[in-house]
Amino acid sequence: MSGRQRTLFQTWGSSVSRSARAPGCKSGTERPPTPATSRARFPAAAEAVEAQPESDDDVYLVAVYEAEQQLSLDNGGFCTSAGALWIYPTNCPVRDYQLHIAQTALFCNTLVCLPTGLGKTFIAAVVMYNFYRWFPSGKVVFMAPTKPLVTQQIEACYRVMGIPQSHMAEMTGSTQAFTRKEIWGSKRVLFLTPQVMINDLSRGACPAAEVKCLVIDEAHKALGNYAYCQVVRELVKYTNHFRILALSATPGSDIKAVQQVITNLLIGQIELRSEDSPDILPYSHERRVEKLVVTLGEELGGIQKTYIQILEALASSLIQRNILMRRDIPNLTKYQIILARDQFRKNPSPNIVGMQQGIIEREFAICISLYHGYELLQQMGMRSLYFFLCGIMDGTKGMTCTKNELSRNEDFMKLYNHLECMFTHTQSTSANGFSTIQKEDKDKKFFYSHPKLKKLEEVIVEHFKSWNAQKTSEKKCDETRVMIFSSFRDSVQEIAEMLFQHQPVIRVMTFVGHASGKSMKGFTQKEQLE
């Protein structure tokens, strides 16, 4: 053992399991002893560990065997010797807020709300490890909506807490059903997406009664009938003896949403920290926020005015029928129209029957599509609007009735043709996400479809120029990086094309999720991890 680092189990667990019920052993409500004090408290056990360089698996098997001798049907598989204390790692710097939250989560269903990068994964690993020890025949389950989040937690459980890899398994939708059933029977710590979990519960592949700890990442998604909610409801049918740890950086958009999460996940305690919390401040990076307000400009303002006239013409029928109550067309949103449509479906007027209902549904569909385009115009610019309208007109986005109705609107067709003249020669995109710029196009001036693009360009160019001026090394630009976030894929490509003009001062790389599309190929989850 002297040639490599001890695991937490070898440091604390072997001493405890071989000296079960030893006097002076601290309970889980107190901070666990350090490795040094643990060895001093159980000198005979410590000497045995030093004298016999046993492997991790051998030590674990001995402890499991001893623990299982003490199990009874009354305690639900709880090991009394392992449960005499709980373990917190000291092979990482101890942060008081993490220690406190981990302790709380061990004894109560807890929703942990921490800013990104402050240790939610670490806390989850601590809780999972302790339930892994306390219930030697139980299952510990970690659920996350995406594979990269699952992979991140596997790494933490192995490297931070020392859970043997042979006892862990990752399951995805691509894993065959019979293989997953075998994994449920042979492994103890499982990492999977909620869809896989609910499928295995419904098929009986998952031994629900053996689940002792359920960790839910991105817990703010636990609304309505999302898979997280289905999993908890299904588990409760078999057992009430399991712990839930829910993790989220943003628990909800409002109090109602947070309450739904609390109810759906059976939460009894909330541990909330913000970047301004006193116990978080020493570990938060300094951040300066500067807000730049950019006006729409004359050209974009003219397009917006024309677009509003089209919206008024197509929404007027819904307004006249008193189905769309709000008449302030420029300030309406797509979400408000969706709510109005849902309300119409729940409580239709008795005077509207038969074909009239179909006509109103069609008008709602047109307005929802157009208001999505309106949001694109204001937030992303004319180019994003044009690409969206192209999708409607070529039939790849929206319904055929939307295309037919817009084709009959003279003002819309004028606007569409105007945008087509502006962007019909837009540079194509190669498979790897970069602009395919022909030699003759290199001198072509970039068209700024939104004034904020020009401002963004100024900020980025100034950043790199000022940085280079301060540095004297040859690889000046390698020492600083800029990340630009955008809500739409087409906008990402437009920004990349704009900054591509400033090579080699600025080297551009687009990074989008994997999805099919005509304009851009995204990264698979495996490529994102790499």
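I started with helix α19, residues 489-500: twelve residues, with 17 Å from the first C-alpha to the last, close to the 16 Å expected at 1.5 Å a residue. Note to self: this is a predicted model.

Next I looked up burial along α19. Ten of its twelve residues are buried, so the helix is largely enclosed by the rest of the structure. The buried ones are D490, S491, V492, Q493, E494, I495, A496, E497, M498 and L499. I then asked what covers them, and the cover includes α15 (382-393) and α18 (451-470).

Stepped back to the whole chain. I get 20 helices and seven strands. Buried residues make up 44% of the 530 residues. The accessible surface comes to about 28400 Å², and 52% of that belongs to carbon and sulfur atoms. I also checked contacts between residues at least 6 apart in sequence: 70% of them join residues at least 24 apart.

On to the sheet. How are the seven strands ordered? I read β3-β4-β2-β5-β6-β1-β7, an open sheet with parallel pairing. The edges are β3 (168-171) and β7 (269-272), each pairing on one side only. Neighbouring strands are turned by 15 degrees against each other on average, direction ignored.

I zoomed in on one edge. β3 pairs with β4 (residues 189-192) in the parallel sense over four bridges, and M171 stands opposite L192 in β4.

Then the helices on the sheet. α6 (residues 120-134) packs on it, touching β1 (110-113), β2 (139-143), β4, β5 (211-216) and β6 (243-248). The direction of α6 makes about 170 degrees with that of β6. I also followed α10 (residues 227-236), which lies across β2, β5 and β6 and runs at about 165 degrees to β5.

Cores came last. The largest nonpolar core has 44 residues, and M128, F131, I163, V189, F191, V215 and L245 touch the most other members. Elements giving two or more residues to this core are α5 (96-107), α6, β2, α7 (147-159), β4, β5 and β6. The largest share, eleven residues, comes from α6.

I picked F191 out of that core and listed its contacts, leaving aside neighbours within four places in sequence. F191 is in contact with M128, F142, V150, Q153, I154, C157, M168, A169, E170 and M171. M171 had already turned up in my notes, opposite L192.

One more entry: there is a second, separate core of 43 residues, which includes I323, F344, L370 and L415.

Definitions and conventions. Residues numbered from 1 in each chain as written. Predicted model: local features only at pLDDT ≥ 70, side-chain atom pairs only at ≥ 80, totals over all residues. Heavy atoms only, no water. Buried < 20%, exposed > 50% of the residue type's maximum accessible area, 1.4 Å probe, protein only. Contact = heavy atoms within 4.5 Å. Areas by Shrake-Rupley, 256 points an atom, 1.4 Å probe, with all protein chains shown as cover. Expected span 1.5 Å × (residues − 1). Pairing = 2+ DSSP bridges. Axes fitted to C-alpha atoms, helices over the stretch in contact; angles between N-to-C directions. Core = buried A, V, L, I, M, F, W, Y, C linked by side-chain atoms within 4.5 Å.
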